[in-house]
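Welcome, and please get your viewer ready. We will go from the whole chain to single residues, one selection at a time.

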Amino acid sequence: FTDGTIYTHEFTRTRTWVEGYATLGNIWDDVFTVEGVATGTNRKGYAYTHTITNPLVIKNSCRWIVEGTIEMVSNSKTAVLDYGMGECDNQATITVNGNINDITLRHKR
C-alpha cells in the first residue's frame, strides 16, 4: 500500500456443484457449496486464518450466501460468522468471545 504496509492472502477453495446440473439451460436452479481455508497477514502485521467450518451454500437464485459458517482467527481472537440455515436474506450472526450479534450484510456474495 502507499503507506508502506503489506497485506498477504493465500487460500485453497473447493467449489462443488450440488444442484441444477441436470438443467444446463437454467442457471437459476444451480446450487454450489464452497469449502476451504485462507491464511495471511493483515496490514497491522497480524497473522490470520479463515476456515470454512460448515460449507457455504450459494444459490444462483439468491444474491446472498444462504448457509454456512466461517471461523476467523487473528491475534489470538476468534470470531465465527454464521450465514444461517438456508434463507435467502442478508442476515447473519457474528460470535466474538461468546457474544452473538445479528448483522446485516451490505454486499452480495
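Start with a cartoon view of the whole chain: read along the sequence, the protein follows the pattern β-β-β-β-β-β-β. That comes to 0 helices and 7 strands. Keep in mind as you look around that this is a predicted model.

**The whole chain**

Show the C-alpha trace, which spans about 50 × 30 × 25 Å along its principal axes. Now switch on the surface: the protein exposes about 7600 Å², and carbon and sulfur atoms supply 52% of that area. Of the 109 residues, 24% count as buried. As for contacts with a separation of 6 or more, 33% of them join residues 24 or more positions apart.

**The nonpolar core**

Next, select V34, I52, L56, I65, I70, Y83 and L105. In the largest nonpolar core, which has 15 residues, these touch the most other members. Colour the strands that give two or more residues to this core: β2 (31-41), β3 (47-59), β4 (65-74) and β5 (77-85). Which of them gives the largest share? It is β3, with 4 residues. In general, nonpolar side chains tend to be buried together in soluble globular proteins.

**Y83, a core residue in β5**

Zoom in on Y83, found in strand β5. Is Y83 buried or exposed? Its relative accessibility is 11%, under the 20% cut-off, so Y83 counts as buried. Display its surroundings, leaving out residues up to four places away in sequence: Y83 touches L56, I65, V66, E67, G68, I70, Q91, A92 and L105. For a distance label, pick the C-alpha atoms of Y83 and M72, which are 14 Å apart in space and 11 residues apart in sequence.

**M85, in the same strand as the last stop**

Stay in strand β5 and select M85. With a relative accessible area of 72%, over the 50% cut-off, M85 is exposed. Beyond residues up to four places away in sequence, M85 touches V66 and E67. Draw a C-alpha to C-alpha line from M85 to E19: they are 66 residues apart in sequence and 17 Å apart in space.

**The largest pocket**

Now turn on pocket display. Rolling a probe the size of a water molecule over the atoms shows where empty space is left. The largest pocket here has a volume of about 340 Å³. It is lined by 18 residues, and the closest to its centre are R13, V34, I52, L56 and I70. Colour the lining by type and you should find 10 nonpolar, 5 polar and 3 charged residues. Which strands each supply at least two residues of this lining? They are β1 (8-19), β2, β3 and β4.

**V34 and T33, side by side in sequence**

Select V34, which you have met among the core residues with the most contacts to other members and among those closest to the pocket centre. Leaving aside neighbours within four places in sequence, V34 is in contact with R13, T14, R15, I52, P55, L56 and I58.

Move to T33, placed in strand β2. T33 counts as buried because its relative accessibility is 16%, under the 20% cut-off. Its contacts, not counting residues up to four places away in sequence, are T14, R15, T16, V18, P55, L56 and V57.

**T49, in β3**

Go on to T49, in strand β3. T49 has a relative accessibility of 29%, so it counts as partly exposed. Leaving aside neighbours within four places in sequence, T49 is in contact with V37, A38, T39, E71, M72 and V73. Pick N99 too: it lies 50 residues from T49 along the chain, and their C-alpha atoms are separated by 20 Å.

**Two loop residues with positive phi**

Finish in the loops. In the loop between β4 and β5, select S76. S76 has a positive phi of about 65° although it is not a glycine. S76 is exposed, with a relative accessible area of 77%.

Then select N97, in the loop between β6 (91-96) and β7 (99-104). What is its phi? For N97 it is positive, about 55°, although N97 is not a glycine. N97 is exposed as well, with a relative accessible area of 67%.

Key
Residues are numbered from 1 along each chain as its sequence is written. This is a predicted model: local features need pLDDT of at least 70, side-chain atom pairs count only at pLDDT 80 or more; totals for chains, interfaces and linings use all residues. Side-chain values use heavy atoms; hydrogens and water are left out. A nonpolar core is a set of buried Ala, Val, Leu, Ile, Met, Phe, Trp, Tyr and Cys residues joined through side-chain atoms within 4.5 Å. Buried means under 20% relative accessible area, exposed over 50%, partly exposed in between (1.4 Å probe, protein chains only). Contact means heavy atoms within 4.5 Å. On a 1 Å grid over the protein atoms alone, a cavity is a set of points where a 1.4 Å probe fits but cannot get out, and a pocket is an open set with protein on both sides within 12 Å along at least five of seven lines; lining residues have an atom within 4 Å of a point. Grid points are joined across faces, edges and corners, and a volume is the space filled by probe spheres set on the points. Ala, Val, Leu, Ile, Met, Phe, Trp, Tyr, Cys and Pro count as nonpolar, Asp, Glu, Lys and Arg as charged, and the others, Gly among them, as polar. Accessible areas come from the Shrake-Rupley method with a 1.4 Å probe; for residues, only the protein chains shown count as cover.
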